[in-house]
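This report describes selected helices and residues of one model. The structure is shown first, and the text then goes through it part by part.

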Amino acid sequence: MIQINGITSPGDSPHVIPEKDAALAVVSEVAQEIDPVVEKRVLRKIDLYLMPAMLIGYGMVYYDKAILGSAALFGMTTDLALKVTDNSTSPPSVDTSRLSWATSIFYFGMLAGLYPMTFVLQRFNIRSVLGPVVLLWAVVCAATAGVTTWKGLFVQRFFLGFIESVIPTGFMTIVSGYYTQEEQALRQAWWFSGTGWFTIIGSALNYGFGQITSGSLKRWQYIYILAGALTFLFGLWCCTMPNSPVSAWFLTLEERAVAVERLRKGQTGVRCQKIKPDQIRECLTDTKIYLVAIMMAAAYTINGAISGFGPLIVSTFGYNTLDSILFQFPVGGICVIFIPLCGYISTIVPNARIPMLITCCLPVIAGCVMIWKSQWGYHPATPVIGYALTGFFGPVVSLIITVGASNVAGATKKTIMAATVFVAYTVGNIIGPQLVKTNTKAQHYPELWTGMVICYCITITAAVALYLVLWRENRNRDKLELDEVQRDKIAFDDLTDKQNPFFRVIYSTMYTSGVDGIRREFNISSKIVVLLGLTTNLFGLALGSVVLSSLSEIYGRRPIYIISVLLFALFILPVALAKNIEAILISRFFGGFFGGTMIASAPGSVTDVTDDQHRTLALSFWSLGTMNGPVLGPIIGGFVCQYLGWRWIDWIVLICSGVSLSLMLLVQETYAPALLRKRTKEKQQATGDRRWWCRFDHQETGLQVLKTNLVRPLRMVVLEPIW
């Protein structure tokens, strides 16, 4: 039985020390053992109370923004003069900039409300803030049906954004106060998946409203009245929200203590209502917050365009108004499936969040390119598929939210992080609609899709930078000599991640998944020594890429591929059978050296067999392997290491290498100079005439080719006139 402090009966109010975390009202500074059965029951109760309602609540946040696109198809643009036609030109030109601003101005309101509303939510009891605000939101949303001019719509949407700003930040902080770091990814994904669910449900409802042909109201007015009514029901639930697990009325006294005690290990705290200036100042110098904000702003730009203009864009593919709404189903389906899936994988595979985030960016980029560069004929398939792939923005944003929420501590700092994430969210949503230029419709809105590709490249770059920052933070903390007794004492002192030396950030290839197993087997105290295996592998990879690619230009691609893959496989054996860390470090260097040829020479093979028109697409498919290898590595490695041990990671890589070698034997030579030299020798042997020759007979030596390959890139960077 866990000891309960501060509460003697269910009716008592816990005594909370303002400067400390609310958790100290029910637990002591000494860690207590938790009954696993009770913990599971507590987690199940928390899930049943929070998750369904939060999913519906955030779904309503998304729905009342996204219905603007459907309402525009049902006559709103004409009724409120959001679309202006200039008949003085031939053909007449259409200006939809007012619709763009109607979409963007919502986010200006949210931008204005995020920080004040979030601090109010921290300072006062949650139910006292969240309940009344959501009920007011319901009224303002339903009032959209009474707007008669585009100016009135602008005012209404600004205040709607201001009021709604409390929901996403509130949900982020609520989840971080009820769940452990490991559990947060799935739970943040659950409520954020409301985006996908209400893309599907909302589209179905809008399709139904599209069948209305009579009545005193316009079709778009019915949509907003329904959204307001549903939001009002959600507001009633918000009025029952407890302030934290300490006062959770749906838990017994013992269950409340367990709900708090299980959060001690993560050092993230539960809830503190005192706003601390020192934590605000720390946020201003924390690189993590800026990188998460950049990722969020870049990733969510696509939502501003899709939510406001998605049905209009699809309608340009030759589909009617109602069919255009139905095409929101695949986008929502991808969100519904992949947001929780990524959250679940993050829960069971350590440090897989950022690699998965990067992976989910790739389909979005591919989808934007497919829409932009494909033919927009009557009912075309390619742009529709590309439009569906943009739904992967959902898991990208969900993972950004999770990374941001789980890697900071301190109540005020968590509030700042949550607000900053959604400030960036609003910035992205403001920018997105402005990229839709009506006058470039014939060119497939090139500004929009170019902007989206650039934004997601920025997201990937920022994610890599954040990965390195988090890895460095944990490395520096691992060097500290800490008294583990202090861990439990300071867990609920409302310290930030920088103030608390026991806090660990969550960030991860397949080798890293086995680091802890290697440390235990070889009794290595420092994780840095084991991670040298990753360093030596990458160093060998860099060196091998230069040397082996040079040899492939002398002897051809195929023989270098076969020899390199064979030697790569052979050097996996010493790692799998290693008796000490030295054998692992040396073997991984040579494994990386011979593995480098597949990275350096493979693009050359793709270039050899494709023409200019199809080369970009072919290289994109090839890059899926190089981009997803580091992503799938820790995911697969995490399962393997957990259930089979770290050595099986290498055995599985060896099996895959054997398959690769078998396939490589089927690959033909593609390098033109090598093919010409081979054909020349065949002619000489067939005719007995040594006069047969080709222009590649007098080839450079290996050192000359190596020198050329090293110098040429540097020379092109400095002297190439096309940047």
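In this predicted model, V292, M295, M296 and A299 of helix α11 meet V396, V397, I400, I401 and G404 of helix α17. Sorted by class, the residues in this contact are eight nonpolar, one polar and no charged. Helix α11 covers residues 287-299 and helix α17 covers residues 393-406. Their axes lie 10 Å apart, and the two helices pack at an angle of about 165°. An angle over 145 degrees counts as roughly antiparallel, and α11 and α17 are therefore roughly antiparallel to each other. The crossing of α11 past α17 is left-handed.

A299, one of the α11 residues that meet α17, also appears in a pairing with C457. The C-alpha atoms of A299 and C457 are separated by 9.3 Å, although the two residues are 158 positions apart along the chain. C457 belongs to helix α19, which spans residues 446-478. Is C457 buried, partly exposed or exposed? C457 counts as partly exposed because its relative accessibility is 37%, and the partly exposed class lies between 20% and 50%.

Three further pairs join residues that are separated in sequence. The table lists them together with the pair just described.

| Pair | Separation along the chain | C-alpha distance |
|---|---|---|
| C457 and A299 | 158 residues | 9.3 Å |
| L68 and A102 | 34 residues | 8.6 Å |
| V546 and T597 | 51 residues | 8.3 Å |
| L541 and I599 | 58 residues | 8.7 Å |

L68 sits in helix α1, residues 36-79. With a relative accessibility of 1%, L68 counts as buried, because the cut-off for buried is under 20%. Which residues does L68 contact, leaving aside its neighbours within four places in sequence? They are M76, L99, A102, T103, R157 and Y224. A102 is thus both a contact of L68 and its partner in the table.

Two of the tabulated residues, V546 and L541, are in helix α23. This helix runs over residues 527-555. V546 has a relative accessible area of 27%, so it is partly exposed. L541 is in contact with G592, F593, G595, G596 and I599, again leaving aside neighbours within four places in sequence. I599 is also the partner of L541 in the table.

Two other helices can be described by their buried residues. Helix α9, residues 253-261, has eight of its nine residues buried, so it is largely enclosed by the rest of the structure. The buried residues of α9 are L253, E255, R256, A257, V258, A259, V260 and E261.

Helix α3 consists of 17 residues, 126-142. From its first C-alpha to its last it reaches 24 Å, close to the 24 Å expected at 1.5 Å a residue. Its buried residues are I126, V129, L130, G131, V133, V134, W137, A138, V140 and C141. For reading such a list, an α-helix has 3.6 residues a turn, so residues three or four places apart point the same way.

Note on methods:
Residues numbered from 1 in each chain as written. Predicted model: local features only at pLDDT ≥ 70, side-chain atom pairs only at ≥ 80, totals over all residues. Heavy atoms only, no water. Helix = DSSP H or I, 4+ residues; strand = E, 2+ residues; numbered from the N terminus. Expected span 1.5 Å × (residues − 1). Buried < 20%, exposed > 50% of the residue type's maximum accessible area, 1.4 Å probe, protein only. Axes fitted to C-alpha atoms, helices over the stretch in contact; angles between N-to-C directions. Parallel < 35°, antiparallel > 145°, perpendicular 65-115°, else oblique. Left-handed = near helix turned anticlockwise from the far one by under 90°. Contact = heavy atoms within 4.5 Å. Nonpolar A, V, L, I, M, F, W, Y, C, P; charged D, E, K, R; others polar.
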